[in-house]
Amino acid sequence: MSVVDRQEWDVVVVGAGGAGLRAAVEARERGARTAVICKSLFGKAHTVMAEGGIAAAMGNVNSGDNWQVHFRDTLRGGKFLNQWRMAELHAQEAPQRVWELETWGALFDRTQDGRISQRNFGGHEYPRLAHVGDRTGLELIRTLQQKIVSLQQEDHRETGDYESRLKVFQECTVTRVLKDGAKVSGVFGYERESGRFLVLEAPSVVIATGGIGKSFKVTSNSWEYTGDGHALALLAGAPLLNMEFVQFHPTGMVWPPSVKGILVTESVRGDGGVLRNSDGRRFMFDYVPDVFKDKYAVTEEEADRWYDDPDHNRRPPELLPRDEVARAINTEVKEGRGSPHGGVFLDVSTRMPADVIQRRLPSMYHQFKELADVDITAEPMEVGPTCHYVMGGIAVDSDTAAARGVPGLYAAGEVAGGMHGSNRLGGNSLSDLLVFGRRAGWHAAEYAAGRAPGTRPRVDDAQVDAAAAEALRPFSAGTEQPDDGPPENPYTLHQELQQTMHDLVGIIRREPEMKQALEKLAELRGRARRAGVEGHRQFNPGWHLALDLRNMLLVSECVARAALERTESRGGHTREDHPSMDRRWRPANLLCSLADPTGGPAATDPERGQIAVERTATEPIRPDLLALFEKDELVKYLAEEELSR
Ligand code: FAD
């Protein structure tokens, strides 16, 4: 087979968003020769699109803030299903990671007295998001890239080669994690431009590939987010945790159709924007759930006073966690009180002077002006829910980011599960990337260095050949077996998949519809084996999509099966047939793994599922962390047996 390049590294990081770059910096600084491989251009990742900010309890704007309050907010937002140790480490370490970014050259917006400014966001008790206007992710990525370049310059001074210890392979897609027995031995991928194959051998692989949004029809995610890392881990034998939890951000653009789903940052509400229905009513006051009743304002006057005097007033209900706001908008539209294009109105024009809007929300101003011809300083925006983030992901050890069951495999960022429980708070992703990206890089480097001499895992040629054959299959689709049907168009399959997930496993779920979705996914899986492409391997987007389909189908089945299994509503999983949160489900995690890891009948038979779901117990929350909450509050979340313990 035509393997173009076969190289040896200590650590390979798959993904160059915030998590991947932070992991790479850490691994390299700890002495590991580190390769970073990314599907898109270096610098183009979801992280760069992040608008609102990084959540970190620095207490710059309200000195009442500290890691314990951040921890509490994160658990409340995740409805207590968070892997609590991750939430603890995250809340404790996020401020350090933000300050560290400044020492590497990031420039955050400042308070009057020169400290890093922090803004309000849904579910955060205090102003907590460090930001750079509404372009925070850009600054984060710029800084991490700059750090990488500075490390490469350092290496050049010592070795004469910029890439001797840290190299970036951009526009390369990884399609398989390779293994030597149970252990990781490297990755297989292809260069998008040339179509040539690539093997990077390494004892440690960090997966940092981001989300799964492209499996849904309306999404804020861009083309790369096809659940590759989730699928790579599954195929390598690592289970996925709680995949039923998918976040629908309440405010995506709804009009014109060409931009449907593009994100409208939560900063719009954090800075004073309000949601209204077609009757002009600020409807969020009607949707404050019992568990949050004492923390949110009951009148518009109190809500408005909160912006100037947060210590003596309760928060506006527009700043409830995202799952609550998304469901409320969904209900308003369904009950006929929506805006002309099927959303609701989000208004800043009557709440702030035009120059303040343009200064605080420059990207939103330009986004609406250019894409929808709407001037947000003079008229309201139309917004509706959009698939935004996946809370479910690779099951990892909280301290080391090691993936469960596969020595040498690590995961960080959106692709890792556990940190956010059933619902992520805005701003908690960028901090998650930095905290756990660093931890993944650290432990991946340590693992690579800790092997006894001569025990470097071996890359098996048969696995490389099988990966190459799998990658080339779309070019001979429909010709392998005499009874193969005609080749299928990958774009058609993708559209049908997105429609299925949107209609049947979307924001509100019902048992018969999820069963229907599983049938449709089985049909699509059979057809996807015949996904065919024409032409050659040089930059062939149809081929790339045909390969991505395997990942989207695997991940979608995980979402649908886990959603069917969890008979309650919690965070980013709402069941119309089980509308309440059920405390008996609090101690339960759902783990998805391959039904037939040997690739036997279950793996190839389109009629049968590829995924097995197992119910496992969550680790009991440490007593000193539980003591941060009032007993009255715990009673609303914890199961009977947990309370009695
Ligand atoms: P990403 O930044 O998504 O990077 C993934 C990387 O993996 C990319 O380099 C990609 O090319 C690569 N990759 C994927 N598949 C493969 C493969 N098969 N082979 C090789 N490489 C691969 N969060 C916040 O906390 N605050 C915010 O204000 C905020 N705003 C957001 C705004 C928008 C519009 C969006 C979409 C998200 C926002 N989020 C925000 C969420 C946050 O940006 C993401 O969750 C986060 O950036 C994910 O980072 P990551 O490092 O895990 O992955």
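User: How many nonpolar, polar and charged residues does the shell around the ligand have?
Analyst: Keep in mind that this is a predicted model. The shell is made up of 41 residues, with G15, G17, H46, G210 and G413 being the closest to the ligand. Split by class, it has 15 nonpolar, 21 polar and five charged residues.

User: Which helix gives the most to the shell around the ligand?
Analyst: Several elements chip in at least two residues each, namely α1, α2, α5, β8 and α12. The top contributor, with four residues, is α12.

User: Which residues have the most contacts inside the largest nonpolar core?
Analyst: That core counts 181 residues. Helix α16, spanning residues 541-565, gives the most to it, with 14 residues. The residues with the most contacts inside the core are V206, A411 and A412.

User: What does A411 touch, leaving out residues up to four places away in sequence?
Analyst: A411 is one of the residues with the most contacts inside the largest core. Leaving out those sequence neighbours, its partners are I207, G229, A233, G393, I394, V396, A401, A403, A416 and A440.

User: Are L166, K167, V168 and F169 of strand β7 buried or exposed?
Analyst: In a regular strand, side chains alternate between the two faces of the sheet. In β7, L166 and V168 sit on one side, while K167 and F169 sit on the other. Both faces are covered, and these four residues are all buried.

User: What is the bridge partner of V36 in β7?
Analyst: Strand β3 covers residues 34-37 and runs parallel to β7, with four bridges joining the two. Within β7, the partner of V36 is V168.

User: Why do the buried residues of α11 lie on the same side, and what arc do they cover?
Analyst: The buried residues in α11 are M364, Y365, Q367 and F368. An α-helix has 3.6 residues a turn, so residues three or four places apart point the same way. The buried set ends up on the same side of α11 because its arc around the axis is only 165°.

User: Which exposed residues are on the face of α11 turned away from its buried side?
Analyst: The buried side is covered by elements including α7, α10 and β16. The face turned away from it carries H366 and E370.

User: Which are the edge strands of the open sheet of four strands?
Analyst: The order is β17-β12-β19-β20, with antiparallel pairing. For example, β12 and β17 share two bridges, and L241 stands opposite G393 in β17. The strands that pair on one side only are β17 and β20.

User: What is the omega of the peptide bond from W255 to P256?
Analyst: P256 sits in the loop between β13 and α7. The bond leading into P256 from W255 is cis, with omega near -5°.

User: Is E171 buried or partly exposed?
Analyst: E171 lies in the loop between β7 and β8, and has a positive phi of about 50° although it is not a glycine. Its count is 17 other C-beta atoms within 10 Å. Being buried takes 20 or more, and exposed means 12 or fewer, so E171 is partly exposed.

User: How many C-beta neighbours does A401 have inside 10 Å?
Analyst: A401 is in the loop between β17 and β18, and its phi is near 65°, a positive value in a residue other than glycine. A401 counts as buried because its number of C-beta neighbours inside 10 Å is 30.

Note on methods:
Residues numbered from 1 in each chain as written. Predicted model: local features only at pLDDT ≥ 70, side-chain atom pairs only at ≥ 80, totals over all residues. Near = placed C-beta within 6 Å. Nonpolar A, V, L, I, M, F, W, Y, C, P; charged D, E, K, R; others polar. Pairing = 2+ DSSP bridges. Core = buried A, V, L, I, M, F, W, Y, C linked by C-beta atoms within 7 Å. Contact = placed C-beta atoms within 7 Å. Arc of directions from axis to C-beta.
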